[in-house]
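Good morning, everyone, and thank you for making time for this. Please bring up the structure on your screens, and I will talk you through a pocket and a helix.

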Amino acid sequence: MEKRAFMFNMVLSELEDIVGQENVSTRECDKLTYGVDYFWISRMWADRGQTPPAADFIVRPDCAEQVSAILKIANYYKIPVHTWGGGSGSQGGALPMAGGILLDTKRMSRLIEIDEVSRTITAETGMVFQQLEWYANEKGYSCMHIPSCLTCGTIGGALGHRGIGILSTKYGKIDDMCVSMEVVLPNGDIINTLPVPKHAAGPDLNQMFIGSEGTLGVITKATFKLFEMPECRKHRAFLFPDMSSGFEAGAALMQKVKPSILRFFDQAETVSIIKKILGFEKKGCFMNVTCEGMERIVDLEMEIVQEICTKFGAQDLGSEYGEKWYENRITFFYPGHIMDIPQMFGTMDTVCTYKNVEKIYWAMKHAIEDNFPGVRFIAHCSHWYEWGTMIYDRFILDNPPEDPDEAIRLHNRIWNAGVRAAMENGGVINDHHGIGLKLSRLMKEQYGPAMQVLEGLKKSLDPNGIMNPYKLGL
């Protein structure tokens, strides 16, 4: 014990030497804070009075150079490292399951540059994304990355799990918006990806690290595209008689116009959440479409939207409900409106081509509701592409088991059933919440022999396996 205590204090003193004593904590209260994110199991542990996973050291670096020095120490002592942004993730991706060092990145939150010639903005990745958006707004621009976690998720978190915002159908996901990055590799080397993402100088290194969830390095700085604020943003709501007609209309819309928002809700979500938030009472499948840009172009796009939706049997609800949806886009996630403890819940978002979307929807719904009595399944499609769409599907159980171990077994069985139903019918494990701890076990099923490519990257860049153990199947 004396030897272990000595080595603990040696590591502690080395970390304090890098970032200052005030920026390293071993206090139990701090460890508890970083043991819970929005992953249901971590919240259940806290709710049931159990001890969440804890790091040995909470370290708050101020710059990439300090991150580099910390990773060199971690490699020398073979200490696990977990990167923490805002703690808003739902997959347990930042939980310190192996103890060791937890890097809280929020001190690295400086604005580096706004380049109005190239229309880019550069900042450190510990910055909360809302702050980056405010900096852009001051100059008359927007990053157009507006997720529900805008006010609590960091830039690094968005990049780490390949996040997405409500305007993605027009502007893309975070990987489409990112131009270049600074990354600290597991061995401590600081690298920069090429200054532009479109080139023929080999593979785009951005895509190696975006979505890697802290398993291949620490993203410390990033440059994003800027977009001029649209002249106008107009909304229109529709009610479809069934899922089939809505899926067909959505696919048709994506070939003719470029809406910024296209949200299509199944009947279960229409008569629950949409009714609760918007006061909408009719049965059917609700759709909200938003177009934005120059007003004369938007007006023409909206005409086309109305023609297509009418063709597929939709009732035109006008602009009122669409505007209400946009005004309440974050309200859906506030307490009192979103699922919460003591309920058991999860979002099994998948993505697929149009050929498979309806098949996957029904396969997942039956896999959940037919096999788990009392579990409800609701869904909507919130991000659309020329080739397909994603399904943002949720399961909800009002009275889960009280015993924590029994609750975890049921939780994992529900996830296995739903996600495997998606994969068996042409979907993928996840669209934009990431893999983390929650879905790590399914990565090999998803990738098959191709998993060796990801494992090879991991082994090459992180031979000591210190970076975010047990996440992403690596």
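Before we look at a lining, we need to agree on the classes: Ala, Val, Leu, Ile, Met, Phe, Trp, Tyr, Cys and Pro count as nonpolar, Asp, Glu, Lys and Arg count as charged, and the others, Gly among them, count as polar. Please also keep in mind that this is a predicted model.

With those classes in hand, the lining of the second largest pocket divides into 15 nonpolar, 9 polar and 6 charged residues. The pocket itself holds about 660 Å³ of space, and of the 30 residues that line it, Arg162, Ile210, Gly211, Asn430 and Tyr447 lie nearest its centre. Which helix gives the most to this lining? That is H16, with 3 residues, although helix H8 (174-177), helix H9 (206-209) and helix H17 (451-461) also supply at least two residues each.

In the segment after H17 you will find Gly465, which is partly exposed because its relative accessible area is 36%, and partly exposed means between 20% and 50%. Gly465 is 251 residues from Gly214 in sequence, yet their C-alpha atoms are 12 Å apart in space.

Let me turn now to helix H11, residues 267-278, where Glu269, Thr270, Ile273, Ile274, Ile277 and Leu278 are buried. Seen down the axis of H11, these buried residues fall within an arc of 125°, so they line one face of the helix. They pack against several elements, including strand E13 (261-265), helix H13 (320-327) and strand E19 (388-397). After H11 comes Gly279, with a positive phi near 75°.

Key
Residues are numbered from 1 along each chain as its sequence is written. This is a predicted model: local features need pLDDT of at least 70, side-chain atom pairs count only at pLDDT 80 or more; totals for chains, interfaces and linings use all residues. Side-chain values use heavy atoms; hydrogens and water are left out. On a 1 Å grid over the protein atoms alone, a cavity is a set of points where a 1.4 Å probe fits but cannot get out, and a pocket is an open set with protein on both sides within 12 Å along at least five of seven lines; lining residues have an atom within 4 Å of a point. Grid points are joined across faces, edges and corners, and a volume is the space filled by probe spheres set on the points. Helices (H or I, at least four residues) and strands (E, at least two) are DSSP runs, numbered from the N terminus. Buried means under 20% relative accessible area, exposed over 50%, partly exposed in between (1.4 Å probe, protein chains only). The arc is that of the directions from the helix axis to the C-beta atoms. Contact means heavy atoms within 4.5 Å.
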